[in-house]
Amino acid sequence: MPNIKSAEKRRRQSYKRRSQNLYRLKRIRTAEKAFNSAMEQGDQESAREWLTACFSRLDKAAKTNAIAKKKASRKKSRLSTKFNEVSG
């Protein structure tokens, strides 16, 4: 346990940020899994909705530095390539 007031505050802040980042990452994983299952079932409309949800969640996570911007871009590129292979 920290003895200094500023160290206690930093601990509280880092715990809060960590929980927020984990929440954002969990939402991304959930959307990716739903997108992949929709793609496997051949449901284009559902896959398109989950693709936009993935894009939105990845952008929000990158904006708040939960993940790196280039990682978000790379994931978006791979998801859209997967979608276009089947639909296009």
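In the predicted model, the side chains of aspartate 59 and lysine 76 meet in a salt bridge, with nitrogen and oxygen 2.9 Å apart. This contact joins distant parts of the chain, since aspartate 59 belongs to helix H2 and lysine 76 to helix H3, with their positions 17 residues apart in the numbering. Aspartate 59 is partly exposed, its relative accessible area being 37%. Lysine 76 is also classed as partly exposed, at 22% relative accessibility; this value is not low enough for the buried class, because that class requires a relative accessible area under 20%.

The structure holds 3 salt bridges. Side chains of opposite charge can pair when their charged atoms come close. Glutamate 32 pairs with lysine 75, and the closest N and O atoms of the two residues are 3.1 Å apart. Here too, distant parts of the chain are linked: glutamate 32 lies in helix H1, lysine 75 lies in helix H3 (residues 69-87), and the two are 43 residues apart. Glutamate 32 counts as buried, with a relative accessibility of 15%. Its partner, lysine 75, is partly exposed, with a relative accessible area of 27%.

A further salt bridge is formed by glutamate 45 and arginine 48, with a distance of 3.6 Å from N to O. Both residues of this pair lie in helix H2 (residues 44-63), and their separation of 3 residues corresponds to about one turn of the helix. Glutamate 45 is exposed, at 52% relative accessible area, whereas arginine 48 is partly exposed, at 40%.

The nonpolar residues were considered next. In soluble globular proteins, nonpolar side chains tend to be buried together. The largest nonpolar core of the model has 16 residues, and those with the most contacts inside it are Phe35, Ala47, Leu58, Ile67, Leu79 and Phe83. Each of the helices H1, H2 and H3 supplies at least two residues of this core. The greatest contribution comes from H2, which gives 6 residues.

Two further positions in helix H2 may be set side by side. Leucine 51 is found in H2 and counts as buried, with a relative accessibility of 8%. Threonine 52 has its place in H2 as well, but threonine 52 counts as partly exposed, at 48% relative accessibility; the exposed class does not apply to threonine 52, because that class begins over 50%. Distances from these two residues to other positions were also computed. The C-alpha atoms of leucine 51 and serine 87 are 13 Å apart in space, while the two residues are 36 residues apart in sequence. For threonine 52 and serine 73, which are 21 residues apart along the chain, the C-alpha atoms are separated by 13 Å.

On the surface, a patch of positive charge is formed by Lys9, Arg10, Arg11, Arg12, Lys16 and Arg17. One of these residues, arginine 10, is placed in helix H1 (residues 5-41). Arginine 10 is exposed, with 52% relative accessible area. Arginine 10 can therefore belong to such a patch as far as accessibility is concerned, because its 52% satisfies the requirement of over 30% relative accessible area.

Another exposed residue with a positive charge is lysine 63, which is found in helix H2. The relative accessibility of lysine 63 is 64%, which places this residue in the exposed class. Lysine 63 and lysine 5 are 58 residues apart in sequence, and their C-alpha atoms are 30 Å apart in space.

Outside the helices, asparagine 65 is located in the loop between H2 and H3. Asparagine 65 has a positive phi of about 65 degrees, although this residue is not a glycine. Asparagine 65 is exposed, its relative accessible area being 59%. Asparagine 3 lies in the segment before H1 and is likewise exposed, with a relative accessible area of 76%. From asparagine 3 to alanine 66, the distance between C-alpha atoms is 29 Å, and the two residues are 63 residues apart in sequence.

Terms used: Residues numbered from 1 in each chain as written. Predicted model: local features only at pLDDT ≥ 70, side-chain atom pairs only at ≥ 80, totals over all residues. Heavy atoms only, no water. Patch = residues over 30% accessible without salt bridge, like charges linked within 9 Å, V, L, I, M, F, W, Y side chains within 5 Å. Areas by Shrake-Rupley, 256 points an atom, 1.4 Å probe, with all protein chains shown as cover. Salt bridge = Lys/Arg side-chain N within 4 Å of Asp/Glu carboxyl O. Lys, Arg positive; Asp, Glu negative; His and termini not counted. Charge placed at Lys NZ, Arg CZ, Asp CG, Glu CD. Helix = DSSP H or I, 4+ residues; strand = E, 2+ residues; numbered from the N terminus. Buried < 20%, exposed > 50% of the residue type's maximum accessible area, 1.4 Å probe, protein only. Core = buried A, V, L, I, M, F, W, Y, C linked by side-chain atoms within 4.5 Å.
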